[in-house]
Amino acid sequence: MNLLKEIYSLNKLGENLSISRTTKSVVKRKKHIVIVDDDDISLLVLSNLLKIYGYDVTIFNEGMEAIKKIKEMSKHGRKIDLFILDLMMPVIDGFAMLKHLRETKKFESTAVLISSARNDHDAIKRVLKYNVNGYLLKPYSKNFIIDRIKKVI
């Protein structure tokens, strides 16, 4: 299977997984998205875009800080609807972050999108086993990222 077909299949799988996670609430709240990416420019551009579209966004530029603060948010009852993880980061990369999230009871079924310039089969195969909701190749278009997010949360 070629790379584009694998990414397409992964994105379709994510759409199907997200359908079973959808719940309706009486009180409408902003969906909360956590982005972890070591590229400050990508982080700020994506964060600003998502805020324009009405999302509540928390950003981290490295994995260790993200793990620590995510635990604090969870203890204080702050719901996270979606994680967007870059794969290639120093110290704790996106693979380790994804593994940690899936092994944490509170986040084992929270939607995750992988955002990466890495487009090799190995990376896609590694994230497939953690039930991610999509794989976004950088650079991506504004419309594509918003469409993907709307489909998973």
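Me: What makes Ile80, Asp81, Leu82, Phe83, Arg102 and Asn133 count as contacts of Thr110 in this predicted model?
Reply: Contact means heavy atoms within 4.5 Å, and, once its neighbours within four places in sequence are left aside, Thr110 is in contact with Ile80, Asp81, Leu82, Phe83, Arg102 and Asn133. Thr110 itself is found in the loop between α4 (94-103) and β4 (111-116).

Me: Why is Thr110 called buried?
Reply: The relative accessible area of Thr110 is 10%, and buried means under 20%, so Thr110 is buried. In the protein chain as a whole, 44% of the 153 residues count as buried.

Me: How do you know that the buried residues of α4 are on the same side of the helix?
Reply: The buried residues of α4 are Gly94, Phe95, Met97, Leu98, Leu101 and Arg102. They cover an arc of only 160 degrees around the axis, and therefore they are on the same side of α4. In general, an α-helix has 3.6 residues a turn, so residues three or four places apart point the same way. As for their partners, the buried residues of α4 pack against β1 (32-36), α3 (63-75), β3 (82-86), β4 and α5 (121-128).

Me: What makes the pair formed by Asp93 and Phe95 at the start of α4 a polar contact?
Reply: A polar contact needs a pair of N or O atoms within 3.5 Å, and here a side-chain oxygen of Asp93 reaches to within 3.2 Å of the backbone nitrogen of Phe95.

Me: Why is Val91 called exposed or buried, and what is its phi?
Reply: Exposed means over 50% relative accessible area, and Val91, at 78% relative accessibility, therefore counts as exposed. Val91, whose place is in the loop between β3 and α4, has a positive phi of about 65 degrees although it is not a glycine. Most residues other than glycine have a negative phi.

Me: Why is Asn131 called partly exposed?
Reply: Asn131 has a relative accessible area of 40%, and partly exposed lies between the limits of 20% and 50%, so Asn131 is partly exposed. Its place is in the loop between α5 and β5, and its phi, near 50 degrees, is a positive value in a residue other than glycine.

Me: What is the omega of the peptide bond that joins Lys138 and Pro139?
Reply: Omega is about -10 degrees, and the bond that joins Lys138 and Pro139 is a cis peptide bond, whereas most peptide bonds are trans. The place of Pro139 is in the loop between β5 (134-137) and α6 (142-152).

Terms used:
Residues are numbered from 1 along each chain as its sequence is written. This is a predicted model: local features need pLDDT of at least 70, side-chain atom pairs count only at pLDDT 80 or more; totals for chains, interfaces and linings use all residues. Side-chain values use heavy atoms; hydrogens and water are left out. Helices (H or I, at least four residues) and strands (E, at least two) are DSSP runs, numbered from the N terminus. Buried means under 20% relative accessible area, exposed over 50%, partly exposed in between (1.4 Å probe, protein chains only). The arc is that of the directions from the helix axis to the C-beta atoms. A polar contact is a pair of N or O atoms within 3.5 Å; within protein, one must be able to donate a hydrogen and the other to accept it, and residues adjacent in sequence count only if both atoms are side-chain atoms.
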